[in-house]
Amino acid sequence: MLNFDFTEEQELLRKTVRSFVDKEIMPYIKEWDENQHFESGILTRLADLGLMGVCIPEQYGGSGMDYNSLAIVCEELERGDTAFRTAVSVHTGLNSMTLLQWGNEEQKQKYLIPQSKGQKVGAFGLTEPNAGSDVAAMQTTARDAGDHYVLNGSKTWISLCDVADHFLIFAYTDKSKKHHGISAFIVERTWEGFSSKAIKGKLGIRAGNTGGIFFDNVKVPKDNLLGQEGDGFKIAMSALDNGRFTVAAGACGTIMASLEASVRYCHERSTFGKEIGRHQLVQQMIAKMEAGLVQSRLLVYRAGCLKNQGKRNTRETSLAKWQACDYAYEAANDAVQIHGAYGFSNEYPVERYLRNAKAPVIYEGTREIHTVMQGEYVLGYRVDKPLSNMLPTWPFESITEEAVK
């Protein structure tokens, strides 16, 4: 039988994160957004709650909860602001889960454990000024120099660019092989030749830290190669499965925030002698938000269930990311419409929701990319091949016991 109920542990997690958002983010987010300030202290407090490694096994410093628990965290954080969901998406979804999936034991001990505990922050570097959806167009290179690689190039639109301690970086080790010549590396901020610079003037997610990172003859030890040479493209794509999952979950938070703000305003504002919620066209917008929230959650948690079972979920996650992000943008747009002229001012939060909701429609696979992917799946042109490395199934304890036997 299908079970749509959350466990007691998941319900408690949702209440905990919601309370955290209400106390630690909501009172200050308007100011942070206006000042384009990323409050890094939020990450420290999330770590204190065990939320920086919520779905990482306890043996690697995490809380050992299931993958849908990560979705719950992302949903509730984005209800506060997209900036802080993005931080968890990048740190946990794109970086830590990729280390869990592809890293060797030494790399997990050195990098994954401190990240899961929130002692160190992880980020992800794939996009370049001329290489977004077309990953093979990247220019960053890693030259084999004996006992190390020499990394040169740059990445852009990197979340946590000025904050993260560790970065997963993708670079060509053999450009003649195209996709098969891309490799993945763990890079530390403190290494000579590394620098970063934040981007200001963004349309949305202004309370987030986003920018460029630069490599000028950075020496990367051979031990910091993730997987094997040439594994970079498949590692990046599997990482995006995890990142897109968290983005889709966060989009549910935007829908939820838009719906909550709109319902409050519907009861506060009256026109023509009655609450505006009594007007049928307003009800239509509220109903669309509710439908989008429920449908998006079903898509997200279905993908999470596949993750729990150790099954590949690229197709399901792509659909969830595409639909949830579109629903979120529509919900935020309708929320502004419901608020009327007030929705055009930051006196109410809905204008921030609309600005923030645009970016997820673009990053980690544009709406157009996911539309094409889904069409190709249905037509049989796209088939996902088995991966040599998969995320561990949940519950993690049983996997550990089997490994010991």
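Which residue just after α3 takes a positive phi? Just after α3, G50 has a positive phi of about 75°. The structure is a predicted model, in which local features need pLDDT of at least 70 and side-chain atom pairs count only at pLDDT 80 or more, while totals for chains, interfaces and linings use all residues. Residues are numbered from 1 along each chain as its sequence is written, and side-chain values use heavy atoms, with hydrogens and water left out. Helices (H or I, at least four residues) and strands (E, at least two) are DSSP runs numbered from the N terminus.

**Helix α3 and the nonpolar core**

Helix α3 covers residues 41-48, and its buried residues (buried means under 20% relative accessible area, exposed over 50%, partly exposed in between, with a 1.4 Å probe and protein chains only) are G41, I42, L43, L46 and A47. These buried residues of α3 pack against α1, α2 (29-34), α4 (67-80) and α5 (82-102). L46 itself touches F20, L51, M52, L77 and V88, when residues up to four places away in sequence are not counted; a contact here means heavy atoms within 4.5 Å.

L46 also belongs to the largest nonpolar core, which has 116 residues and in which L46, L151, L160, F170 and I338 have the most contacts. Such a core is a set of buried Ala, Val, Leu, Ile, Met, Phe, Trp, Tyr and Cys residues joined through side-chain atoms within 4.5 Å. Helix α7 (residues 232-268) supplies the largest share of this core, namely 17 residues.

**Helix α1 and D22**

D22 lies in helix α1, which spans residues 8-24, and D22 is partly exposed, with a relative accessible area of 35%. Apart from neighbours within four places in sequence, D22 is in contact with P27 and R79. The C-alpha atoms of D22 and Q115, which are 93 residues apart along the chain, are separated by 25 Å.

**Aromatic rings**

Rings of Phe, Tyr and Trp (its six-membered ring) pair if their centres lie within 6.5 Å, and planes under 30 degrees apart count as stacked, over 60 as edge-to-face and the rest as tilted. By this rule the model has eleven aromatic pairs. One of them joins F6 and Y301 in an edge-to-face arrangement, 5.3 Å centre to centre with 80° between the planes. F6 lies in the segment before α1 and Y301 in helix α8 (residues 280-308), so this pair ties together parts that are 295 residues apart in sequence. F6 is partly exposed, with a relative accessible area of 30%, whereas Y301 counts as buried at 12% relative accessibility.

F167 and F194 form a tilted pair, 5.0 Å centre to centre with 40° between the planes. This pair links F167 in strand β4 (residues 166-172) to F194 in strand β6 (residues 194-198), distant parts of the chain that are 27 residues apart. F167 is buried, with a relative accessible area of 0%, and F194 counts as buried at 11%. In addition, Y28, W32, F38 and F84 form one aromatic cluster.

**Strand β1**

Strand β1 (residues 122-125) is covered on both faces, with G122 and F124 buried on one side and A123 and G125 buried on the other. β1 and β4 pair in the parallel sense over four bridges, where pairing requires that DSSP finds at least two bridges between the strands. Within this pairing, G125 stands opposite I169 in β4.

**Cysteines**

A disulfide is a pair of cysteine sulfur atoms within 2.5 Å, and by this rule the count is zero. The sulfur of C252 is 9.0 Å from the closest cysteine sulfur, in C325, and is therefore too far for a bond. For C305 the closest cysteine sulfur is that of C252, at 14 Å, which is also too far for a bond. C252 counts as buried at 1% relative accessibility, while C305 is partly exposed at 38%.

**Backbone geometry in loops**

Most residues other than glycine have a negative phi, and most peptide bonds are trans. The table lists two residues other than glycine that have a positive phi.

| Residue | Phi | Loop | Relative accessibility |
|---|---|---|---|
| I205 | near 50° | between β6 and β7 (210-221) | 9%, buried |
| E364 | near 55° | between α10 (350-362) and α11 | 16%, buried |

The peptide bond from W394 to P395 is cis, with omega near 10°, and P395 lies in the loop between α11 (367-379) and α12 (396-404).
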